[in-house]
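User: I am new to this structure and would like to be walked through it step by step. Could you begin with the order of its elements and then turn to its aromatic rings?

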Amino acid sequence: MRRSDKEFPLIMAVDDETYEELMALVGQRVVHVGLWEDSLSVTLAERAGEPPGSPAFDIDLYLEDGVYFELYGVSCFDNLEAEPWSDFAESSNRLVSMVKAQARLSDVAVDEADSLILILSTPTGETVYLAVAAWLLAEWDELPE
């Protein structure tokens, strides 16, 4: 559920403690994904009068053991040298397809700015890299429809 009218602490960098917590989630299956076309990062850049950065989406990513990520300003890549995905509908379809193909959180990485990168992989070897500007971690009891 999107909670745009409430204030909560977004995490924007990965420290050692956070990294250990995130690594404990590696291997969990992704059971649901939802994309939001209007990224919070794009809205904030527009309000600040800054040019938009690379294409970004906000993504809700649900893991099998009741944990989910609210991911903000996510750039999706097929590999680290590729251009980020830019089409919303295609990106949504590709991520939903990965969930149906039993994708798992296969790794967690950190870039040179200590920003989060989640790596999702299917059993057939399809991989996507999610470079995240900010996120929240929460628990879910019931999947959205």
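Analyst: In this predicted model, the protein chain read along its sequence follows the pattern α-β-α-β-β-α-β-β-β-β. Counted by type, that chain holds 3 helices and 7 strands.

User: How many aromatic pairs does the structure hold, and how are the planes of F57 and F88 arranged?

Analyst: The structure holds 3 aromatic pairs. In one of them, F57 and F88 lie 5.9 Å centre to centre with 55° between the planes. Planes under 30 degrees apart would count as stacked and those over 60 as edge-to-face, with the rest as tilted, so the F57 and F88 pair is tilted.

User: Which parts of the chain does the pair of F57 and F88 link, and is F57 buried or exposed?

Analyst: The pair links distant parts of the chain, with F57 in strand β2 (residues 57-63) and F88 in helix α3 (residues 88-100), 31 residues apart. F88, at 22% relative accessibility, counts as partly exposed. Because buried means under 20% relative accessible area, F57 at 3% counts as buried.

User: What kind of pair do the rings of Y62 and W140 form?

Analyst: Y62 belongs to strand β2 and W140 to the segment after β7 (134-139), 78 residues apart, and both residues are buried. The ring centres of Y62 and W140 are 6.0 Å apart and their planes stand at 70°, so the pair is edge-to-face.

User: Which residues form one aromatic cluster with W140?

Analyst: Y62, already described as buried together with W140, is one of the members of this cluster. The cluster with W140 is completed by a further tyrosine, and the residues asked for are Y62 and Y68.

How values were computed. Residues numbered from 1 in each chain as written. Predicted model: local features only at pLDDT ≥ 70, side-chain atom pairs only at ≥ 80, totals over all residues. Heavy atoms only, no water. Phe/Tyr/Trp six-rings, centres within 6.5 Å; stacked < 30°, edge-to-face > 60°. Helix = DSSP H or I, 4+ residues; strand = E, 2+ residues; numbered from the N terminus. Buried < 20%, exposed > 50% of the residue type's maximum accessible area, 1.4 Å probe, protein only.
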